[in-house]
Amino acid sequence: MTLSNDPDTQMRGPNLPLVAAVNDYVQSVLKADLQLRPLNDGEKLPLFLKQQFELVEGFYVDRPLILAVQQGVGSSAPSALRKHLAQIERLLGRSVVLVQSNMTAFQRAAHIEAGQPFIVPGKQLFMPHLGVALTERFSRKAIRQLDTLTPAAQLTLFTLLTGADHQEATPSQLAKGLGYTAMSMGRAVDELAILGLVETKRQGREKRVNLAGQKQEIWENAQALLVSPVRSSHFVRWLCPPPRLNLGGLSALAAHSDLMDARLQTFAIDGRHWAVFKSNGTVETVATDYEADAQLDVWHYSPAKIEREDHSFLLSIYAQFKDDPDERVSLAAQSLIEGLWA
């Protein structure tokens, strides 16, 4: 593998062996050359970012990307590291893939949960925005197209399926309406396109997003990819009167079907509100439902933002319960979508 024979574009720096290992690894498992070369517009970055990462640009197939290379196991917390990578993305306008020679199990799990692309040469590759992942222990049979939607991609799909005004939308319009950054929405659209659920086309300088077929067909193709919107659930006791909250879980399902509600009401909130509730003394968590005043389901995306918009909220509840082992619950979930595509 030759990164460059041109003296003006040759790689330099202590991380060159790691950069070469990345390219060899991707070639061996994905049969693709990343076409790596030194970053030309790194002068746009603040000094602390250039000191923390060795940055290399290239392409995966025809998609531009930047490798942010760190030797060894990074000492920064994953959340702080992702903020730095997001800053690089904003300044340079390209997807950034973290590269480390090693990564702890905690770091890997945190990056995967957040959808942060990364490569550990010879061990693990996670690039959801490009539709591929290579899982540990690293046989080639582990390479797969993504088999579940990320929460952002799922919410985007629900919006396109149920909103008449969203056809021919741009990623920036979708991002604004759903509360995502432009880069996150770009990744979500790319993911849906790779999975064959949407198609994009250029109109002048803008990209337009449409479903890749009839709604019923797309919905059926997406069934096996759907994920629960809930990232965590908590039994809580109110320490002060709570604000008005959206029903969630079985309470939301019962409100829109013939299912009888559970004894303990469930409410749906997003991660930001959960953090506020914990910090300002609104709630305390308890161990069992017998001690609790309510159950709080913390969603990956904001239930309040979509409750009154189209049917995205109901589709999210359906995704939560469609495979529930209690047949009464799964049938109630199925009733939420009856006639929706007629």
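A salt bridge is a side-chain nitrogen of Lys or Arg within 4 Å of a carboxyl oxygen of Asp or Glu. The legends below use this term for a predicted model, which holds seven salt bridges.

**View 1. Glu-57 and Arg-94 joined by a salt bridge.** In this pair, the closest N and O atoms of Glu-57 and Arg-94 are 2.6 Å apart. Glu-57 belongs to strand β2 (residues 54-60), whereas Arg-94 sits in the loop between α3 (78-92) and β4 (95-100), so the salt bridge ties together parts that are 37 residues apart in sequence. Glu-57 counts as buried because its relative accessibility is 6%, under the 20% limit for that word. Arg-94 is also buried, with a relative accessible area of 15%. The pair does not stand alone, for Arg-37, Glu-57 and Arg-94 are linked in a network of salt bridges.

**View 2. Lys-207 and Asp-190 meeting through their side chains.** The salt bridge between Lys-207 and Asp-190 spans 3.9 Å from N to O. Distant parts of the chain are linked by this pair, since Lys-207 lies in strand β10 (residues 206-211) and Asp-190 in helix α7 (residues 182-194), 17 residues apart. Are the two partners buried or partly exposed? Lys-207 counts as partly exposed, at 25% relative accessibility, while Asp-190, at 13%, counts as buried.

**View 3. The salt bridge of Asp-323 with Lys-322.** Here the closest N and O atoms of the two residues are 2.9 Å apart. Asp-323 counts as exposed because its relative accessibility is 63%, and exposed means over 50%. Lys-322, on the other hand, is buried, with a relative accessible area of 17%.

**View 4. The largest nonpolar core, seen around Leu-157.** This core has 46 residues, and those with the most contacts inside it are Leu-157, Trp-219 and Leu-253. Several helices and a strand each supply at least two of its residues, including α5 (151-162), α6 (171-178), α7, β10 and α8 (215-222); α9 (249-255), α12 (312-321) and α13 (327-335) each do so as well. When residues up to four places away in sequence are not counted, Leu-157 touches Leu-149, Leu-192, Leu-197, Leu-211, Ile-218 and Ala-222.

**View 5. Another nonpolar core, lying apart from the largest one.** This second set has 20 residues, and among them are Leu-30, Tyr-60, Ile-119 and Leu-125.

Terms used
Residues numbered from 1 in each chain as written. Predicted model: local features only at pLDDT ≥ 70, side-chain atom pairs only at ≥ 80, totals over all residues. Heavy atoms only, no water. Helix = DSSP H or I, 4+ residues; strand = E, 2+ residues; numbered from the N terminus. Buried < 20%, exposed > 50% of the residue type's maximum accessible area, 1.4 Å probe, protein only. Core = buried A, V, L, I, M, F, W, Y, C linked by side-chain atoms within 4.5 Å. Contact = heavy atoms within 4.5 Å.
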